[in-house]
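This briefing concerns one protein model and is intended for reading alongside its coordinates. Please keep the sequence and the structure in view.

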Amino acid sequence: MDARCMTRTLQVVDTEYSADAVEWCPIDGWHNVLACGTYQLKMPEDKAGGDSENTKPHMRLGRLYLYSFHQEQLYSPLTEVQRIEMPAILDLKWCHVPLAEHPMLCLANAEGRLELFNLIAEEKNSCLLEPVCSVAVGPECLALSLDWSTGRGNQSESVKIISSDSKGCLSLVSVGGSSPALDVVSQWKAHDFEAWISAFNYWNTDIVYSGGDDNKLKGWDTRMETDGPVFTSSRHSMGVCSIQSSPHRQHILATGSYDEHVLVWDSRQMKRPLADTHVQGGVWRLKWHPTQEQLLLAACMHNGYHILDCKGAFAASVEECPILYSYILHNSLAYGADWSRLPLDAQLAADSQPLSSSATESQKRGECEEGAKKLETEFQDLKIQYESPTGIFDMVMEGEAEDFSGPDFADGSQASGTSERADMHTVDGAEQPKHEACSNQERTGASLLATCSFYDHILHVWKWERNSTASSR
């Protein structure tokens with residue numbers, strides 16, 4: 001059957017610091033709010049003529065951005081409403097339900113702390129984040145990830161956060177209700193090296209999952225002693241970087257690894273995954289679509305962003321999930337990605353009015369190519385310390401310029417969206433889509449997405465739409 005995907009990049013934003021985490025607010029009435037976290041390594045100042053003993057340690061700086069999306073602003077729908085300087089941010093997530101009548105955002109930072117903020121309304125339809133409280137998950141460590149227990153959007157008296165850190169530990173944190181406070185109620189050693197990711201089973205929040213640089217995926221029952229996991233999987237061949245439980249289907253779990261594979265699991269049987277998809281890039285983040293249960297978004301480091309169709313995996317009828325669409329407009333490491341719950345109006349969803357003229361698009365393409373060349377020049381002195389996510393974050397300057405080549409700075413031929421099937425196409429750029437091929441009645445609702453990349457410190461907001469009559473192979 002005909003399968004056709006249409007996309008349009010709505011806006012590109014320079015975050016100045018390297019961007020590694022992005023998430024849309026899931027709370028009703030606030031779906032247009034977007035948070036973005038950054039991580040920037042500040043080089044030490046040499047005070048003693050090169051004597052390393054008198055050199056200050058590297059500083060990991062961060063900046064939290066808050067944006068508001070207004071689709072009636074066709075040419076620049078995303079507006080920055082706040083920025084907050086803070087320690088480097090490695091992960092951020094919104095609570096799926098209001099706490100104390102406010103949306104809540106939690107950050108994991110490079111000082112080993114979880115920071116809680118609430119979102120408040122301001123005049124003129126604006127909003128601001130206010131700090132509420134924080135808690136340390138460990139000394140001399142980086143808090144690497146966090147997840148809320150509220151993934152199914154169900155209000156519960158007991159709201160929890162699970163966090164992982166660079167020393168391989170997990171921390172279970174309780175969140176107070178009427179007066180939100182963070183309290184570490186349990187902590188244990190989970191992995192031999194960095195614990196890159198932690199996540200709840202959204203259907204049974206006493207169960208948590210973790211992935212580490214020891215190549216292990218583990219499950220834990222927090223009602224029991226945590227001196228040993230309830231299961232350990234070595235199916236991934238490299239560090240496990242991403243995990244998310246499905247909020248739509250019980251027992252469905254997605255995991256991703258530095259080994260470039262996305263695995264879909266039935267959590268009742270963890271010996272063998274339901275499907276194994278090679279995405280040709282380390283999988284740093286996975287996000288299930290908020291309403292379409294079969295769609296999974298993957299941030300794939302050196303290979304952009306991919307939308308997977310997992311329907312066949314649920315029925316155990318496929319060995320790998322088809323990739324419906326690949327968004328490869330970023331010129332650097334793909335880290336942050338999220339779907340918005342904001343319904344796009346008919347005008348924006350159907351592209352009844354072009355967002356920009358061909359001349360404007362050509363100008364934008366030229367600016368992007370010029371920017372890529374500038375970035376390549378600026379980063380000739382950069383050298384990655386070692387090939388792991390923390391190593392990618394922590395860059396060192398070399399006195400002698402070296403060639404900086406590779407996938408981070410792709411040429412113009414790579415700066416496009418691609419799809420698995422020849423009859424799929426994109427609508428970014430001067431070429432306009434044939435809208436007649438897919439009427440409004442035939443289309444599914446368009447999805448709004450945000451993605452961010454590291455070295456080029458760029459945030460993209462884009463929409464994606466698939467013909468409802470399409471079927472995967």
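The points below cover a sheet, a residue and the cavities.

The model is predicted: local features need pLDDT of at least 70, side-chain atom pairs count only at pLDDT 80 or more, and totals for chains, interfaces and linings use all residues. Residues are numbered from 1 along each chain as its sequence is written, and side-chain values use heavy atoms, without hydrogens and water.

**Sheet**
- Four strands (DSSP E runs of at least two residues, numbered from the N terminus) form an open sheet in the order S11-S12-S13-S14, with antiparallel pairing (at least two DSSP bridges between two strands).
- Strands S11 (143-148) and S14 (182-189) are at the edges with a single partner strand each, so one side of each has no neighbour in the sheet.
- From one strand to the next, the twist averages 20 degrees.
- Strand S13 (residues 169-175) runs antiparallel to S14 and is joined to it by seven bridges.
- Opposite Asp183 in S14 stands Ser174.

**Gln11**
- Gln11 lies in strand S1 (residues 5-14) and counts as buried at 15% relative accessibility (buried means under 20% relative accessible area, with a 1.4 Å probe and protein chains only).
- Its side chain reaches the backbone nitrogen of Leu78 at 2.7 Å.

**Cavities**
- The largest cavity is lined by 13 residues (lining residues have an atom within 4 Å of a point on a 1 Å grid where a 1.4 Å probe fits but cannot get out).
- Lys93, Ile197, Ile243, Gln244 and Leu286 lie nearest the centre of this cavity.
- Strands S11, S15 (197-200), S19 (240-245) and S23 (285-288) each supply at least two residues of its lining.

Conventions
Axes fitted to C-alpha atoms, helices over the stretch in contact; angles between N-to-C directions. Buried < 20%, exposed > 50% of the residue type's maximum accessible area, 1.4 Å probe, protein only. Polar contact = N/O pair within 3.5 Å; in protein donor to acceptor, adjacent residues only side chain to side chain. 1 Å grid on protein atoms, 1.4 Å probe; cavity = no way out; pocket = protein on both sides within 12 Å on 5 of 7 lines; lining within 4 Å.
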